[in-house]
Structure formats: C-alpha cells, structure tokens
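Here's a quick briefing to read with the model open beside you. It starts with the overall layout, moves to one domain interface, and ends with a couple of loop residues.

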Amino acid sequence: MKLAHVFIEHSTMHLDRTFSYGCDGFAVYRGMRVVVPFGAKEIVGFVERVEEISAQEAAAYDFEIKRIIRVLDEEPLLNEELFELANMMAKRYIVPRIACFQCILPAKLKPRSTAKCRKLETWVRYEKDIASLTKKQQVVLEAMKEAKEMLRTTYYQMYKSVGKKLISLGCVTVFEREAQAVLGCEEPSGPVFDLNAQQQHAVDAVLHHSAMVTLLHGVTGSGKTEVFLHLAKAMRERDKQVLILVPEISLTPQMIARVKQRFGAQVAIYHSALNEQEKYEQYQLVKKHQVDIVVGTRSAVFMPFDHLGLIVMDEEHDTSYKQDRGVRYHCRDIALQRAKIHQAKLVLASATPSLESYARAHKGIYQLVEMPKRINEQFPQVKLVEMREAVKKKESYLMSNALLDAIYTRLQRKEQVILLLNRRGYTPILRCMECGYVQMCPNCETAMSYHKEEGVLKCHICDSVMPVPTHCPSCHSAAWRYMGMGTQKLEEFIQIKFPQAKIIRMDADTTHKKHAHENYLRDFGKHKADILLGTQMIAKGLDFENVTLVGILNGDALLNRSDYRSAELCYDLLEQACGRSGRGEKQGEVIIQAYDTKHYAIQCAAHHDYKTFFKNEMNYRHLAGYPPYTYLTSLTFSHKQEELAYQGAQLAFSLLKAKSEVRVLGPTALHKLRGECRIRILLKGKQEELLTVYAKDVYEQHLYKKQKARLDIDLSPLYLD
Ligand SMILES: Nc1ncnc2c1ncn2[C@@H]1O[C@H](COP(=O)(O)OP(=O)(O)OP(=O)(O)O)[C@@H](O)[C@H]1O
Ligand SMILES: [Zn+2]
C-alpha cells in the first residue's frame, strides 16, 4: 500500500506534524498538493513523502487509513533545496512547516484551501488537411499551418465563420493551456560605462575572492548598480542565474529598466503590485528556465532557482526586507542560506549598511569592499536649519526661509527638487483647542491623521476611517486644531508659495494604483514636474541627474521614537535622502530642517560620515547591551481581552525566569493594535540558538496549556514599540 504523509493547514490547531493517507492509484510525489479528508471537512495538504508499506504494516496502524481525495499538481512544486529551506525556516522562526510552504510559494500554488486555480486560456492549433476544403478554407488552414497555434479569440477575430467551420471539420482543434507570462517589452539599450577603478575593484573582489558574502559599502551615487550589472553579466557567462533584490516596489521601475537595458527583455519581475496570476506566471518563467535574471522585492528570494550564481541585495539595510507578519523572516537570512546551498555569491550593498552587517564585515565574517567616492567626485553640500531659531525669527514652522529661497533658485534655474516629509495625510493630529483631547484610533491607540482630500480621519496602522467629529467627545467644544504637517499639507503649502511649479506627490495614498510608482518616476525623470515630494519611498535609490536640491522636513522626527534603533533609522533616512542631490554634473545642495541638529545621527549624515556614526552608535549599543552585541527575541501575546493576553505572558514569564544566560524583560504592555491588547516579553542574550530554544519552550507550553492569546515570536525584531 502506498502511503502519503501530508502536512495540513488548520486554523486553530498549530499542527506541525504530518497525517498519513492512502494514495494507491494516484500519481503523487513529495512536494505536491493534495485534497484530503480531515474530520468532516476536505482540506488542502502538502505531501512530505510517499512510502510503500506492506499489508502487515498497514494492519498495524491503530486507526483507519483514509484515502486522499484528489491530487492538485502534476509535478512537485518544490525542489529539495526549497523543501530544506522550509524545514530550516520552521525551526528558526518557530512556526509550523505548512506556514513556511505557504510563505515560499506564490499565492496560486500555496497549499491553502482558498488558493485559486491557475488561469487557463483557450487556444487553437493546426491539426490536419482534408480533401474537400473550399479555396477560402484552404487559405486559412494554410495560414494556421504556418502559425501552428494561436489564442482562440484572435483566431475568431481573424477568420470568423471560416475559422469556425475548420474547427467543426476537425482541421483545427481547440485546447486549453495555462496562461503564460508575456515577457515585457525591450528597453532601448542604455549606456554601458567603462568601470572606474573602485567599481572594477569591487567586481574583481566579488568574482575572484573566495568569500561568499561581500558587503559593498558604496556611498550614494558611487555607481553600485553598474557593479551589479557587470557581476550579473559575468554570472550569465558562467551559465548561472542571478537575483537582484530591492527593498521597495518604488525602486523596482528604475532597477528593472537598467537591467532590461543591459540584458534585453529576458527578465522576470516579482513584487507586491503584481496580481496573483502575474506572480504565478513570473514564477513559472524561472521554473521553466525561460529567464535567468530576476528583479524583485523580498518574496523574490523564494524563486525556484536551481543554479543560482549571484544574489544582490541592494539597500541591504532597509527594514522592508523583514517580513513582519506570519513567518517573520529576514530576507537577508534567507538569501544567505540560499547562497550557501548554491555556492553562490551574495552581495549586500548599501551606502548605509545595517550595523549588524557592517559589524560582521569588520570582524571578517563578510568581505568588506568600500566605494568611498561618488562617480562625479562631489558630495552635495548640506545645510542644517535649526527650526526653533527659524520660528523665533517668525519664519513659517513648516518651511524655513532658507529652504524656500533654495527652492526658488532651483525653479529659476530649471533644476529639480526633492522634498522629503515622512508623514502622509494632511495633519497627523487632531486636537481639541479647549481640553487638549486628541482623537485616537479606537483599535490601535495611535492618533488618527486628518486627510483633507477625502475629508476624513485615517489610522495609518489599521487603515480604519472615521468622519471628523463635529464636537470634542470629551468637552463638547467645536474647535479643533489641526496639528503638524503631512504630505498633503506640504503639497498645498508649496503650491501656494510657488504657483507655477509642477508638483508630484508620492506617498501611500497616491501610489496604490498599479504602475503609479513607475509613471510618477518616469514623469519626474522627463522633467514633467519640478518638485517631487513624498515619504521615505522617494528617499533612496532614485537617480535623477537634474535634482540639485533635496529638502528634508522634520529631519529629527525619527529620533523621537522610543526605539533602540531610532538613531540608525534616522541616519539612514537622512544620508539616503541627501544622496539624491547632485548626482549629475551640477553641484547638489541639501537642507535639513530639525529641532535637534546637534544629535550625532544628524551631524554624521550632514558630513556623509558613516564611519563616525557607526562608531558612536556601536558605543551606545554596547553600553545598553543591544544588537549587534546581543540578540533579541520578542514574545508577544495578543488578545482582545487584556487579561487573557496577560495570562499568556505571565505563564511564559514563570517558565523563563528560571532560565540562565538570558535576560527576561517584561511583561510590558504595548499599545493596542488592530483592536488587540498586546503584552510583550523580551529575551536578550549572547547566544542566538539559546534564545530560540527558550522561545520554543514557551511556544510548546503555550500550546500545551491551551492559552487563548495569540503568541507571536519574533526573532531579531526590528522595532520594539
Ligand atoms: N563608470 C561610470 N562612468 C560614468 N557614469 C557612471 C559609471 N557608473 C555609474 N555611472 C552613473 O552614475 C550614476 C549613479 O550610479 P548608481 O545609481 O548606480 O549609484 P548607487 O551607488 O546605486 O547610489 P545609491 O546608493 O544612491 O542608489 C548613474 O546615473 C550611473 O548611470
Ligand atoms: Zn487603527
């Protein structure tokens, strides 16, 4: 008897074991999806292995062996490498394996009961000649013989009734086929530069040094992309696949364009703006070896490569590389694992490497390659504006005269401006003038932002929307004060100050439509707008040579977060934003407005001094015992009822307090999120493996004691607030 061992998904039980089903007569193999009976239901499972057992062995089972109902796939979805990767992830992130398979596979192939089928298309093809055809029919059939096959809709459009007749005669047959990706259009080929000395050095270091991982620390505008393209070319010559990762969808259009300019249209693209069918089709392109270069965001790291030679992680410091729900993986860890297995090169590149990566490079764990010079050999000049002083001098609290003057000058010179304000909406806070009441999100305990365009308040965490209350719920006053500034208000302000200027605003509100990023950036590149303003999505990676002024409003906003990484996040954002200015021939300028201009994160960004920042920040982390000197793991217990969340945390705490070699911090109440109360325990220790072991103990006890709260384990959480 043939037995399939199947992982199944279950909404309440956290099962991480297989169930056995008989599968005689089915063509079923490891890595395929099957439909199985489970209790009274039919659910989708994922086959771990298939084995042959004797009748004797089957009889020894102390339960009735049920049969699988259907096999969903014709061939295994995962190769051995990805199977092992799922096992590794389940262990490392303490999640059931089925969750890892779901995480690795594109939506259409997920072992999940709600996964939709792949799209089928109806095609026609030439089948045979017959003797009795009319002249007209012969002509059409001859054309079909030539074309071999085409979409049925096209066929009907072209040949109408004659075409129908040929089908009924059996000369042309109809068949169904999975929809396939149409490869994108070619880009006109762009310039191929001769590498300068530091670029050549970087290429050589990666290709000819034995190190698997290279940290490429190249300042903004040092020409890192050109290094990636040369490396990709070398790998393709060795017949190897190449993966180029970018952190955010806003960066994909430029990278895709550059890669296509160099290598033609044979490039797969994988990011969140693709729909499920499109993702599936791109996935198949790689699986069927129709392309050997992929450009994509985080989840592209799971593409079904089988002879990978190079992974590039551009802007490796970026927090978007961390998945913050479900399987909380960091793309860098997965990339590392895959590079190891494929014996591929991994290039982590950034002008502002994460402290973790730079520290590793310092220790010699990664090869460190520095590119300290810009291509144009000049850095933008940075001016810091102390906003308290500016306001004292009766300047606008939104924008200092220095920044206004600088914008004016650029507009006169027909140069372009980028303005960064890391807050969307109109104003971030609505406060009662009488009693000071602030309208909060009922689900998340954060202030609701006012969005003037839609005339509503929005929560930026859970996206809930409410009308602006007519009266303050606390004191019934009708006088609201709209405090602070978001991108909508900035746009309005600039338009009043510079009525002639053409402005593009890019933030989450303006870019949810498909191709929005691409279109805005293309327009700005063609100088169809003078000012590009937006949130962090415009702060990094973009390369526009006519931008000679970058203005950063609220430069120290990130420092106000109560998070140990706030200085690093602030420095990264400022340095990256500065890097958008003066990338061409013309000298660039940057103006940073802030209230605390003395802070080392701001000072170092103003002097483009990563190394001093690194030294200072490492000192602070060392004193406070934070990563990269220690590892953190957070255990968060969430429930609508606070007592139940607490109960879970207390139980965990009593287990953990006896453990040695880790510090247990908490339980701490965090602000409510999406209607759930959250209590967190933080583990801090020198040995990462030990933290995982302890977290696993908590997880098992949590399940065993049937706790009501949801437990989320986050290995190396990026944020603590
Ligand atoms: N060898 C070269 N000669 C001339 N121009 C070059 C050369 N290499 C790159 N460039 C140009 O320099 C500009 C900056 O390069 P690129 O965008 O790769 O910078 P980067 O290092 O990725 O910066 P950032 O970290 O800011 O994204 C680009 O317009 C690119 O076309
Ligand atoms: Zn909310």
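The chain splits into domain 1 (2-109), domain 2 (120-178), domain 3 (197-371), domain 4 (381-424 + 486-621) and domain 5 (631-715). Keep in mind that this is a predicted model. Most of what follows is about where domain 3 and domain 4 meet, followed by a look at Thr630 and Gly455.

**Domain 3 against domain 4**

- Measure from C-alpha centre to C-alpha centre and you get 27 Å between domain 3 and domain 4.
- Each side brings its share to the contact: 28 residues come from domain 3 and 28 residues from domain 4.
- People often express the size of an interface as the accessible area lost when the parts come together.
- Here, about 2,300 Å² is buried between domain 3 and domain 4, and carbon and sulfur atoms account for 58% of that area.

**Salt bridges and polar contacts across that interface**

- There are five salt bridges across the interface of domain 3 and domain 4.
- For a salt bridge to pull up on screen, try Lys540 and Glu248, whose side chains pair at 2.8 Å, N to O.
- Nine residue pairs are in polar contact across the interface of domain 3 and domain 4, with both residues at pLDDT 80 or more.

**What domain 3 puts on its side**

- Both α8 (252-263) and α11 (355-363) supply at least two residues each to the side of domain 3 that touches domain 4.
- Of the contributors to that side of domain 3, α11 gives the most, with four residues.
- By residue class, the side of domain 3 that touches domain 4 has 10 nonpolar, 12 polar and six charged residues.

**Thr630, a loop residue**

- You'll find Thr630 in the loop between α18 (610-624) and β27 (631-639).
- Is Thr630 buried or exposed? Its relative accessible area is 11%, so Thr630 is buried, the cut-off being under 20%.
- A polar atom of the Thr630 side chain sits 2.9 Å from the backbone oxygen of Gly625.
- Setting aside neighbours within four places in sequence, Thr630 is in contact with Gly625, Lys684 and Gly685.

**Gly455, another loop residue**

- Gly455 belongs to the loop between β19 (449-451) and β20 (456-458).
- With 36% relative accessibility, Gly455 comes out as partly exposed.
- Not counting residues up to four places away in sequence, Gly455 touches Tyr450 and Val468.
- Gly455 and Val71 are separated by 384 residues in sequence and by 51 Å in space, C-alpha to C-alpha.

How values were computed
Residues are numbered from 1 along each chain as its sequence is written. Chains are lettered from A and ligands numbered from 1 in the order in which they are written. This is a predicted model: local features need pLDDT of at least 70, side-chain atom pairs count only at pLDDT 80 or more; totals for chains, interfaces and linings use all residues. Side-chain values use heavy atoms; hydrogens and water are left out. Buried means under 20% relative accessible area, exposed over 50%, partly exposed in between (1.4 Å probe, protein chains only). A polar contact is a pair of N or O atoms within 3.5 Å; within protein, one must be able to donate a hydrogen and the other to accept it, and residues adjacent in sequence count only if both atoms are side-chain atoms. Contact means heavy atoms within 4.5 Å. Domain bounds come from an automatic or database domain assignment. Buried area is the accessible area (1.4 Å probe) that two parts lose on being put together, summed over both. A salt bridge is a side-chain nitrogen of Lys or Arg within 4 Å of a carboxyl oxygen of Asp or Glu. Ala, Val, Leu, Ile, Met, Phe, Trp, Tyr, Cys and Pro count as nonpolar, Asp, Glu, Lys and Arg as charged, and the others, Gly among them, as polar.
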